[in-house]
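The following exercises concern a single protein model. Each task is followed by a solution in steps.

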Amino acid sequence: MTGDQSGNPPTRPGLVRSLLDRFGHLIRELSKFATVGGIAFLIDFALFNYLTLARGVEPVTARAVSTVIAATVAFLGNRFWTWRHRVRSNPAREYALFFFFNTVGLGIAVGCLAASRYGLGSVWPAVFRTPLADNVASYVVGTGLGTLFRFWSYRRFVFVEAGNPRAPEATRDRSPGA
């Protein structure tokens, strides 16, 4: 036997291997997206808490400001690392769509925060009008739901894959006897 051959006969790949072969590109994209998102999340989290706790800014306003700044970091990371292999379309289009979908994600997070603080907080203020409750509602629930939406929308609408060239229409041969 040579060094390139093994003593074992070739076998079909296992379930894990076949899943990796099929979804490996998606796992790599998701891992990069999570890394970029993690960095943006830390910026968002730190800035939100600084604005609310040290500067006295109202929580919903602080969340909006911190998200816009973190979103700029996320756009750059996703465009130039996560989806760098995808075709670059008009940068203004990508930036506008990215921020549109990020605004929807912000709405999800702010909606969770507002529901907790003003909805549940009106019923049980000692629990739901606290910095801990604000962070759980905004960052655990809101960011979790917003992240799922963002990954899907960025992948589907912002950083699109190049389409397959359109095949010419097939024509029927109208020769006699056919």
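**Exercise 1.** In which helix is the place of valine 141?

*Solution.* Valine 141 belongs to helix 5, residues 131-158; helices are DSSP runs of H or I with at least four residues, numbered from the N terminus. The model is predicted, so local features need pLDDT (the predictor's confidence in each residue, from 0 to 100) of at least 70, side-chain atom pairs count only at pLDDT 80 or more, and totals for chains, interfaces and linings use all residues. Residues are numbered from 1 along each chain as its sequence is written, and side-chain values use heavy atoms, leaving out hydrogens and water.

**Exercise 2.** Determine how glutamate 29 and arginine 155 are paired, and classify their accessibility.

*Solution.* Step 1: their side chains meet in a salt bridge at 2.6 Å, N to O; the criterion is a side-chain nitrogen of Lys or Arg within 4 Å of a carboxyl oxygen of Asp or Glu. Step 2: glutamate 29 lies in helix 1 and arginine 155 in helix 5, 126 residues apart. Step 3: buried means under 20% relative accessible area, exposed over 50%, and partly exposed in between (1.4 Å probe, protein chains only). Glutamate 29, at 4%, is therefore buried, whereas arginine 155, at 23%, is partly exposed.

**Exercise 3.** Analyse the salt bridge between arginine 63 and aspartate 44.

*Solution.* Step 1: the closest N and O atoms are 2.4 Å apart. Step 2: arginine 63 lies in helix 2 and aspartate 44 in helix 1, so the pair ties together parts 19 residues apart in sequence. Step 3: arginine 63 is buried at 2% relative accessible area, and aspartate 44 is buried at 7%.

Conventions: Helices (H or I, at least four residues) and strands (E, at least two) are DSSP runs, numbered from the N terminus.
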